[in-house]
Structures are given as C-alpha cells and as structure tokens.
Amino acid sequence: MNPIKEPEPQTIVSTAIPIIDFHQFMVGDTVTKEAVAEQMSSAIQEMGCFYLNNSVPQTLVEQVFAEAHSFFALPQEKKNQTKLIPGTSRGYVARGKERVLLEAFNFGLDVATDEAATHQRFGEPNQWPNEQIEFRRVLLEFFTTCRHTSFNILQGLAIALKLPESYFTNFHTERNFNTSINHYPPLQEPLSPGETRFAEHTDYGSITLIFQDQTAGLEVYTNAGEWIAAPYLPGKVLVILADLMQRWTNDKFPATKHRVPLPSKFPSEPRYSIIYFESPDYDAEITCIENSLDAKETPKYQPILTHEYINQVATAGYKSEKP
Ligand SMILES: O=C(O)CCC(=O)C(=O)O
Ligand SMILES: [Fe+2]
C-alpha cells in the first residue's frame, strides 16, 4: 500500500484584490483577450489594482531576490562604486531618511547590450557591480520579461477601453522604463512620528509591476477609501496604475496610492522589493482619451508631454525623495 502523503503545510493568504490569470490573455483569441481585459477593468474600478498569475516566472523573481540579497550585503564602499550620479537615475542609492527608509539599485535598458537603448532619451548607461557575475544577466533577463508582461497589460487596458490593442504600446516605443531593487534594512525600534518605510505616493508613469518578498508590508488605497494590505502572493505580480494613465483616462484608471508603513514588530525583518516602472515616450503627448469619457464628462487634465509631467512632479515635494 502506498503511504498517504500529507499535504504540505501552507499559509493561505486571502486578499480582496482580484487575481487574474494572465496566461489566458497571452495565448487567447480576441474574445478571450476581451474577457481578460474586462476583468482588469473591473478590478481597477473595484480595488484600484490587481494581481496577475502566470506572467513573470517565480523562479526568475527568486533569482532576482537572491542577487539583491548578495548585492545589498556587499560592503558599503563596494556598493558606492555604482553610486547614482546626481541628476541621473541609474545605480546605487544609499538609504534615504524619514519617508524613504530604503537603499536601492536602479537600472534600465542596457546601452551596452541593447541597440534600442541608444535611442532612449530618459536612459543613461547602467552601472553594474564588478563583484557579481550573474547580477547583470539575471536582472536584464527579468527586465525583458517584465517588459513583455507590461506591454501585454497595456494592450489589455487599451482593449478594455475599446481602443485598438496597440493604442498605449504605440506611445511606449522608447522603452522608457526603470527597475528598482529595494532593500529596507531591519529596524530596531519604532521611529519618530512621521517616519515610515515608504511614504504614501503614486508613481509617475503609466503602470508599475511590484514584487515583494515574504516580509511583505505594502499597502494600497482602494477606491472605497481604505488602506488595505497587498500581501505577498508567490508567483503573482501586483499591477498598479500610475499618474499618466490616470491623466490619459480622465481618472477612469486612477493612479494607485501605495505605501510601506513601519513594521508592527521590532526588531523588524529586512524587506526586499523589486519594482518595474513603465513610462510613455519622452515626447509622448498624454491627452484625454475620448473613449474614457462618460456622457457629458469633459477632460479634467490639459494635454501634457511625458517629460514635462515627470519634470514637474520630480521637482515637487516628497516625490523627489524617491530613488
Ligand atoms: O517597496 C515597495 O513595495 C514599494 C516601493 C515603491 O512604491 C516605489 O519604489 O515607488
Ligand atoms: Fe511607488
């Protein structure tokens, strides 16, 4: 008789944030794609964001986390060798203060290995650490996979608005996206009032993909006006919307407010996250899409070029503290 195998103990995490099976979208016909696009749109109306299943492979995500652990464990002077040059956005950013208690490593399309990068206007050369042979390869593979996923999401959002599938991707030809690998060091004790791991904000671009480790801690602000936990769900990516998507759609697809509060227990666990930010082309004009207007509704935002908007928010207030 075969022994009966006990099921593995599992922590079942439930969430009110919808989980959408993206495989259907990737391989489906027009009708299937429309159905998945509709799920994305309803999730946005209900909760302001959604998780995708079957998009970025979990094994790849775990490799990136492993590389992140090794990188942030390097001596400070080694990390400083890739330090971000002020005015640019690629490289190592030392731990911030008060509202951004994390150190980060930011990178984007690789000028040395990707022809398209030479045409990028937000891009600068990446800075890679010499010590970690696999770091660059794993991060760039992850980056390419995220781009593929994010382009499919942009297609889904276009379909949901009854626009041609390529409506948004046509504004993303320069591949102006950035990835941040974040390390929130352990905290010994509660901090002063006003201090937090990452203060409430929205991202600038069109959409953002968020991966966190088991420490989790991210919260999103729902359309019902409450902060809820966006838990760690292995194999799933959290998709949130950013400011330019909100402007494009006259608030129909609003930018998702999110934050990482201080942990409830001290000393706390360290926290790692990987964030992929997608942005439209430098000169893309973000003008209200008529299909997103209800009857008698008029555009709330003036047309604006991507770089004008990003310069505006980057010079205003706390957003400039972001790595
Ligand atoms: O670490 C996180 O989960 C969120 C980070 C974030 O919101 C950002 O980098 O814009
Ligand atoms: Fe963010």
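Guide: Two strands pair if DSSP finds at least two bridges between them. Helices (H or I, at least four residues) and strands (E, at least two) are DSSP runs, numbered from the N terminus. This is a predicted model, where local features need pLDDT of at least 70 and side-chain atom pairs count only at pLDDT 80 or more, while totals for chains, interfaces and linings use all residues. Residues are numbered from 1 along each chain as its sequence is written, chains are lettered from A and ligands numbered from 1 in the order in which they are written, and side-chain values use heavy atoms, with hydrogens and water left out.

Visitor: Which residue stands opposite Cys-49 in E10?

Guide: Let's start from the strands: E2 (residues 49–53) has four buried residues out of five, so the rest of the structure largely encloses it. Buried here is under 20% relative accessible area, exposed is over 50%, and partly exposed is in between (1.4 Å probe, protein chains only). E2 pairs with E10 (residues 236–241) in the antiparallel sense, over five bridges. Across from Cys-49 in E10 you'll find Ile-240.

Visitor: And what is the bridge partner of Ile-20 in E2?

Guide: Here the neighbor is E1 (residues 19–21), which runs parallel to E2 and pairs with it over three bridges. Within E2, Ile-20 is matched with Leu-52.

Visitor: Switching to charges, how many salt bridges does the count come to?

Guide: Side chains of opposite charge can pair when their charged atoms come close. The cut-off for a salt bridge is a side-chain nitrogen of Lys or Arg within 4 Å of a carboxyl oxygen of Asp or Glu. By that rule, the count is eight.

Visitor: How many residues apart are Glu-200 and Lys-257?

Guide: Their side chains meet in a salt bridge, 3.8 Å from N to O. Glu-200 sits in strand E6 (residues 198–201) and Lys-257 in the loop between helix H6 (243–248) and strand E11 (258–260), so the pair links distant parts of the chain. Glu-200 is partly exposed at 33%, and Lys-257 is partly exposed too, at 31%. Along the chain, their separation in residues is 57.

Visitor: How far apart in sequence are the parts tied together by Lys-300 and Asp-251?

Guide: These two form a salt bridge at 3.1 Å, N to O. Lys-300 is in the loop between strands E13 (285–286) and E14 (304–305), and Asp-251 is in the loop between H6 and E11, so the tied parts are separated, in residues, by 49.

Visitor: Which residues do salt bridges with shared partners join into one network?

Guide: Some salt bridges share partners. The network they make joins Glu-134, Arg-137 and Glu-141.
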